[in-house]
Amino acid sequence: MSTAYDTVTDYIEDARTLLLDTVAPYRYDDPSLLVALNAALLEGRRLRPDLFVYATKDGSAPSFDTNADQPVPIEEQFRLAFVHGLVGHALARDQEDVQDGRATAFLKMFSDILIGVSTMGPSTPQGAS
């Protein structure tokens, strides 16, 4: 049974859906989405180096230069975070001001998932004023 987000292609395809970019010719080409994926992996390595201990021989973040069926060595429970990171980086690189809010939201979800912050419920602790 195949798990979602096993390969680079899986990440790119879902990112296109979140970017509302599913009809060719694409607004976000493969090279720009690969840069965004690689940036998300580097940021993930900074936030959670433990996730990469066994991902590569030296514990560094993997990087990809083609949209292919190469496996992305991320534990299943953190894969969605990297999709959000990919989308956030792609939107942040966009030159339209309207994308800034969406980019910030996706990058926050990326960070929150990786560091274990709940994205549900109130933003301030109960009882705090």
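**Packing around helix α1**

Along the sequence, the protein follows the pattern α-α-α-α. The model is predicted, and its secondary structure comes to four helices and zero strands. Of the 129 residues in the protein, 37% are buried. Among contacts between residues at least 6 apart in sequence, those joining residues at least 24 apart make up 66%. The description below concerns helix α1, its two contacts with α2 and α3, and the segment before α1.

Helix α1 spans residues 8-18 and packs with helix α3, residues 79-93. The angle between α1 and α3 is about 55°, and their axes are 9 Å apart. Angles from 65 to 115 degrees count as roughly perpendicular and those under 35 as roughly parallel; α1 and α3 are therefore oblique to each other. The crossing of these two helices, α1 and α3, is right-handed. On the α1 side the contact is made by Y11, D14, A15 and L18, which meet R79, F82, V83, L86 and V87 in α3. By class, the residues of this contact of α1 with α3 comprise seven nonpolar, no polar and two charged.

The arrangement of α1 and helix α2 (residues 30-47) is described by axes that come within 11 Å and cross at roughly 105°. The helices α1 and α2 are therefore roughly perpendicular to each other. Here V8, Y11, I12 and R16 in α1 meet D30, L33, L34 and L37 in α2. The residues of the contact of α1 with α2 divide into six nonpolar, no polar and two charged. Y11 takes part in the contact with α2, and Y11 is also listed in the contact with α3.

The buried residues of α1 are V8, T9, Y11, I12, A15 and R16. Viewed down the axis of α1, these buried residues fall within an arc of 160°, so they line one face of the helix. The buried residues of α1 pack against α2 and α3. Among them, V8, I12 and R16 appear in the contact with α2, and A15 appears in the contact with α3. Just after α1, L20 takes a positive phi of about 55°.

Two residues in the segment before α1 were examined, Y5 and T7. Y5 has a relative accessibility of 16% and counts as buried, the cut-off being under 20% relative accessible area. With residues up to four places away in sequence not counted, Y5 touches D10, Y11, D14, R79, L80 and V83. Of these, Y11 and D14 belong to the α1 side of the contact with α3, and R79 and V83 to the α3 side. The C-alpha atoms of Y5 and P73 are separated by 9.9 Å, although the two residues are 68 residues apart along the chain.

T7 is buried as well, with a relative accessible area of 13%. Leaving out residues up to four places away in sequence, T7 touches A68, D69, Q70, P71 and V72. The segment before α1 thus holds the buried residues Y5 and T7.

Conventions
Residues numbered from 1 in each chain as written. Predicted model: local features only at pLDDT ≥ 70, side-chain atom pairs only at ≥ 80, totals over all residues. Heavy atoms only, no water. Axes fitted to C-alpha atoms, helices over the stretch in contact; angles between N-to-C directions. Parallel < 35°, antiparallel > 145°, perpendicular 65-115°, else oblique. Left-handed = near helix turned anticlockwise from the far one by under 90°. Contact = heavy atoms within 4.5 Å. Nonpolar A, V, L, I, M, F, W, Y, C, P; charged D, E, K, R; others polar. Buried < 20%, exposed > 50% of the residue type's maximum accessible area, 1.4 Å probe, protein only. Arc of directions from axis to C-beta.
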